[in-house]
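Trainee: Got a minute to go through this one with me? I'd like to talk about helix packing and then the empty spaces.

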Amino acid sequence: MSATLTADSSRPAGDSPRQRQVTDFAEISGLIQAAGLMRRRYGYYWAKLVGMVAVFAAFVAAFLWIGDSWWQMPMAALLAVILTQTAFLGHDAAHRQMFRSGRWNEWMSLIVANLFVGLSYGWWQNKHTRHHGNPNKDTVDPDIDLPVLAFTPEQAAARTSRFGRWFATHQGWFFFPLLLLEGLDLHYQGLKRVFGPERIAHRWAEITFLSVRLIGYLALVLLVLSPGKAVVFLAIQLGLFGLYMGGSFAPNHKGMPIVPKDVKIDFLRRQVLMSRNVTGGRFIDTALGGLNYQIEHHLFPSMPRPHLRLAQPIIEKFCADKGVLYTQTGLFTSYGIVIRYLNRVGLGDRDNFTCPLVQSYR
């Protein structure tokens, strides 16, 4: 089982966490740098950005040409794919993968996420940065602190109502249907943050971009389609967008070990042991926007997306040499792991970290 670890598979004898952090990560960083895998890929990303604008322009032209027709419903599904692929591009910019300049990356993230996808970059950055710092760490990683799903036995036990307890024990089967609401929630959470009291950089730029994107999009749909068709179009687009986005991020950490809040692990093992790669070749590389190389991405967040595939065998071999468990599986196998894990957690099972490993890091 991917969520079962042993002390021997993750901690070389005699090394302190600090020593491992300095020596092991420095060693793999040197190998990656020597391979030239941290250099920028300007041609790749400029082609992606120009292509993004061209695809959106073509979509709007086709949408206007088809007009008020039920044939727009396949277009809604196509738009969900376009928006998710565009969100992957915003993710790359937010991780400083595109340009050397942090300012260029930040503004590109704002434009791509807010103006094209309609999601708040500031909200996403705050949440995603905390996740990268402590993936799957109890009470710290926001990705395992959700109001609907329980990712730890303690969260499941907090469901005290009869329906809450029943839902927790079956939550794995509801995971993917719930993702149909994820698109709507992503828009809501972003708007709540940019209009909320918390400090957020570039607030007015975000509000402006989001207003243009969301109001303009709704106006276009309502002007071209009759009210009934417009509602169905929006439901399909938002539902499939959430399903595609959630289905791309879910295989990466869910079902992997949950780190107790009082356990500290060195950087290399913190990122590798709690992440899962998804195999499947170039098609999966494209479909998941490089997120299938989750281990490589978590170790080197600013590595350009096309280099993740090249870094994978280097890092896999390094982990094998160091005795660090390196997990990868197929896409649908990973989905099965997620469903089974959520159902087991709902029943109160504890198999996230084996006791010897927990004690070795305390």
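Trainee: Is the crossing of α9 and α10 left-handed or right-handed?

Mentor: Right-handed, for α9 and α10. Keep in mind that this is a predicted model.

Trainee: What angle do α9 and α10 pack at, and how far apart are their axes?

Mentor: The angle is about 135°, and the axes of α9 (residues 203-224) and α10 lie 9 Å apart. At that angle α9 and α10 are therefore oblique to each other.

Trainee: Which residues make the contact?

Mentor: From α9 you have Tyr217, Leu218, Val221 and Leu222, and α10 brings Ala230, Phe233, Leu234 and Gln237. By class, that contact of α9 with α10 has 7 nonpolar residues, 1 polar and no charged.

Trainee: OK, and how does α10 pack with α15?

Mentor: Helix α10 covers residues 227-253 and α15 covers 331-346; the two pack at about 75°, with axes 9 Å apart. That angle makes α10 roughly perpendicular to α15.

Trainee: Which residues of α10 and α15 make that contact?

Mentor: On the α10 side, Gly247, Ala250 and Pro251; on the α15 side, Leu331, Ser334, Tyr335 and Val338. The contact of α10 with α15 splits into 5 nonpolar and 2 polar residues, with no charged ones.

Trainee: Switching to pockets. What volume does the largest pocket have?

Mentor: About 1300 Å³. The largest pocket is lined by 48 residues, and the closest to its centre are Trp123, Lys127, Leu146, Glu182 and Leu186.

Trainee: Which elements give two or more residues to that lining?

Mentor: Those are α3 (72-94), α4 (102-117), α5 (121-133), α7 (162-179), α8 (182-194) and our friend α10. The largest share is from α5, with 8 residues.

Trainee: And how does the lining of the largest pocket divide by class?

Mentor: There are 24 nonpolar, 13 polar and 11 charged residues in the lining of the largest pocket.

Trainee: What about closed spaces: how many cavities of 30 Å³ or more does the structure hold?

Mentor: It holds 2 of them. The largest cavity has a volume of about 40 Å³.

Trainee: Which residues line the largest cavity?

Mentor: His91, Asp92, Gln97, Gly289, Gly290, Leu291, His297, Arg305 and Leu308. The elements giving two or more residues to the lining of the largest cavity are α3 and α14 (305-322).

Trainee: How many of those are nonpolar, polar or charged?

Mentor: The lining of the largest cavity has 2 nonpolar, 5 polar and 2 charged residues.

Definitions and conventions
Residues numbered from 1 in each chain as written. Predicted model: local features only at pLDDT ≥ 70, side-chain atom pairs only at ≥ 80, totals over all residues. Heavy atoms only, no water. Axes fitted to C-alpha atoms, helices over the stretch in contact; angles between N-to-C directions. Helix = DSSP H or I, 4+ residues; strand = E, 2+ residues; numbered from the N terminus. Parallel < 35°, antiparallel > 145°, perpendicular 65-115°, else oblique. Contact = heavy atoms within 4.5 Å. Nonpolar A, V, L, I, M, F, W, Y, C, P; charged D, E, K, R; others polar. Left-handed = near helix turned anticlockwise from the far one by under 90°. 1 Å grid on protein atoms, 1.4 Å probe; cavity = no way out; pocket = protein on both sides within 12 Å on 5 of 7 lines; lining within 4 Å. Points joined across faces, edges and corners; volume = space filled by probe spheres on them.
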